[in-house]
Amino acid sequence: MHNIVFNKVSKTYHEKEIIKQLSFEIKEGERVVLLGPSGSGKSTTLRMIAGLEDISDGELYMGETLINDVPAGDRNIAMVFQNYALFPHFNVWDNIVFGLKLQNLPESEIKERAKAAIEMLNLKGYENRLIQSLSGGQKQRVALCRAIVKQSPYFLLDEPLANLDAQLRQHARQELIKIHESCNSTMIYVTHDQVEAMTIGQRIAILHEGVLQQFDRPEIVYDNPANLFVASFIGTPAMNLWPLITNNGQVTIGSSTLELPPYVKEKLTTPALTVGIRPEKLRLVPVERAMLHGECQYIENIGNIQNCLFQVNDMIKGFIQFSGLENKINIGDSLGINFNWNDACFFDSETGINLNSKQSH
Amino acid sequence: MKINLKKELIGHIILIVSLLICLWPIVFLVSASLKDLNQIFQYPLNPLPENPTLSNYFTVLDRFPIFQFTGNTFFIAITVTIFKIITSLLAGFGFVYYRFKGRELLFNSMVLTFFIPMSVLIMPNYLLISSLGLLDTPYGVILVEIVDGMGIYLMRQTMRSIPKSIYECAILEGASPLYILWHIILPLVRPSVISISIMFFINAWNEYFWPLLILKSKTEYTLALALPMFISAEGGSEWGLAMALAVLTSILPFILFIICQKYILNTFIQSGVKG
């Protein structure tokens, strides 16, 4: 078994707790993304798995072994660093076989493995090149190659695409998924980029200030965020979040008073409710038939779609996203907006917790 | 462009003038070593010898065991350099890559040792060497100089400029810290190691006061100690011979510096120490 289990793992640094009681399990062969803003503790979590940071409290298991005190070199982990961490005085080949030589593998096997990895990452012909003569994308591939040849059951990546330009990144994402599918190791990927997280992760663990917010499949994280933080962090533009006060199962948004669906009414414990709805779930309709009435304040045209910021009143603002071809609206126009309650999420305004969250992990 | 040219010109003039000021004693030294005694005391002073003669050099080589002095000096200088480099590398490596309680405090107190005047250290060091029975041996000179705060500081600064992930990556590949120091870090800091070695070597080569205290018998003398042998307080100093010996003494460090000056300048520019 090559799973990873966190059991109440904490990390204290300079008397500040930066990872708080982390408990979750990464399954064998799974592709998990640790996602969070900077300072959320995602890199620290990865480095604790690698053994580059001590664990202050709790238990970390890899397979059946408790690895709290196992030195980094004995954990059989392959890791790719954000700055690639290539050895600048070695050529490409020596960088790739560095770890294999340390393992005292027979020369023929080293050659075989290295050649296969070089083939896979299209680095053929670059074996004798020095590191400083390579482009960013090539360096990144050498770093990946060095990690792959180890054939270790755990594959850790710390923002490996952050130093690439946008076009290369999409290609590299596909390549990473392909690599994972062919080598079947347990892959843990750290990023602050939600597009990378959504496309690469089979499951996403979202961290905020050292606390795990949600750990689930990308579509669930997107459609049913566990709390207000996840709702506001995932998606561009972010989910519209409207803090409202319920009154007898009804809410008032601007001039409209709307009846809440029965399953929400059942779960209400306090009148303070935050309704969240994704911009693309809002629809433009003629003003007479609209549930909400707003005024267009700003339009962003991204070509295929438009993001429009509208204001209902001083409290309620939001984005609506629609196809640029279907509708032509201008700043200052009155908008009629409809939505389906089934597309909305409901959060307790005080605790921030999703009233309908499914704890599926 | 014109303004730049003017600036360049002024800069060069300043450099040339300061170069001449620095060079003057050396010119005087070399020219005096080629003069006989009468010419040395000639007034007004003539910077160039009238009838250059190598007789001073021959006399020095003839009357003094100069090769033994050179051998003594070389032994002390090279041993001190090797030890200082080893200790600087290891300590610098520890300060950069190991996280332990009191690391900053330890480092700062080590930096503080730069500011302890040598005169304060002489007494305890002398007593230590004396009680170890190392007086009048080169080991007595070497022992107090095997660790150097400046060397540790410079090594640490250089190693800090290497991304830490390179070390971490090598650790994950299963390399031991000493393996990493030797195969990964050392090749990357080699220019600094070369320049710091030269600095250590020249300092040890020129060291005067400490060997003077420790070394008593003439057979153990270093070149720096041999220099004043031609100059007596009662007059009758043989300046020509002293100058010839001084020239011979400076040749080796001078050559070393010329060969390695590229590395030396880089190290000091990188670490932000301006000489």
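**Entry 1: helices H4 and H5 of chain A**

I first looked up how helix H4 (residues 136-148) of chain A packs against H5(A), working in a predicted model. The two axes are 12 Å apart and make an angle of about 10°. Angles under 35 degrees count as roughly parallel, and I therefore recorded H4(A) and H5(A) as roughly parallel to each other.

I then listed the residues that make this contact. H4(A) contributes Gly137(A), Gln140(A), Leu144(A) and Ile148(A). H5(A) contributes Leu168(A), Ala172(A), Ile179(A) and Cys183(A). Sorted by class, the contact of H4(A) with H5(A) has six nonpolar residues, two polar residues and no charged residues.

**Entry 2: Leu176 of chain A**

I stayed with helix H5 (residues 166-183) of chain A and chose Leu176(A), which is found in it. Is Leu176(A) buried or exposed? I noted 22 C-beta neighbours inside 10 Å of Leu176(A). A residue is buried if 20 or more lie within that distance, so Leu176(A) counts as buried.

I also looked up the separation of Leu176(A) from Arg289(A). In sequence they are 113 residues apart, and from C-alpha to C-alpha they are 48 Å apart in space.

**Entry 3: the domains of chain A**

Next I consulted the domain assignment of chain A, which gives domain 1 (4-227) and domain 2 (229-348). The C-alpha centres of domain 1 and domain 2 of chain A lie 38 Å apart. Their contact takes 11 residues from domain 1 of chain A and eight residues from domain 2 of chain A.

Which elements give two or more residues to the side of domain 1 of chain A that touches domain 2 of chain A? I found strand S9 (203-208), strand S10 (211-216) and helix H7 (218-223) of chain A. The residues of this side of domain 1 divide into five nonpolar, six polar and no charged.

**Entry 4: a record for chain A**

I checked the UniProt annotation, from an unreviewed entry, and it reads "domain: ABC transporter" for residues 4-234 of chain A. Over residues 4-234 of chain A, I noted 36% helix and 26% strand. The end C-alpha atoms of this stretch are 25 Å apart.

**Entry 5: chain B against chain A**

Finally I looked up the contact between the chains, which takes 13 residues from chain B and 16 residues from chain A. On the side of chain B that touches chain A, helix H9 (164-172) and helix H10 (177-206) of chain B each supply at least two residues. H9(B) gives the most to this side, with six residues. By class, the residues of this side of chain B divide into nine nonpolar, two polar and two charged.

Key
Residues are numbered from 1 along each chain as its sequence is written. Chains are lettered from A and ligands numbered from 1 in the order in which they are written. This is a predicted model: local features need pLDDT of at least 70, side-chain atom pairs count only at pLDDT 80 or more; totals for chains, interfaces and linings use all residues. Helices (H or I, at least four residues) and strands (E, at least two) are DSSP runs, numbered from the N terminus. A residue is buried if 20 or more other C-beta atoms lie within 10 Å of its own, exposed if 12 or fewer, and partly exposed in between; C-beta atoms are placed from the backbone. Domain bounds come from an automatic or database domain assignment. Two residues are in contact if their C-beta atoms, placed from the backbone, lie within 7 Å. Ala, Val, Leu, Ile, Met, Phe, Trp, Tyr, Cys and Pro count as nonpolar, Asp, Glu, Lys and Arg as charged, and the others, Gly among them, as polar. UniProt positions are given in the numbering used here, feature names are shortened, and annotations may be inferred rather than shown by experiment. Axes are lines fitted to C-alpha atoms, for helices over the stretch in contact, and angles run from 0 to 180 degrees between N-to-C directions. Angles under 35 degrees count as roughly parallel, over 145 as roughly antiparallel, 65 to 115 as roughly perpendicular and the rest as oblique.
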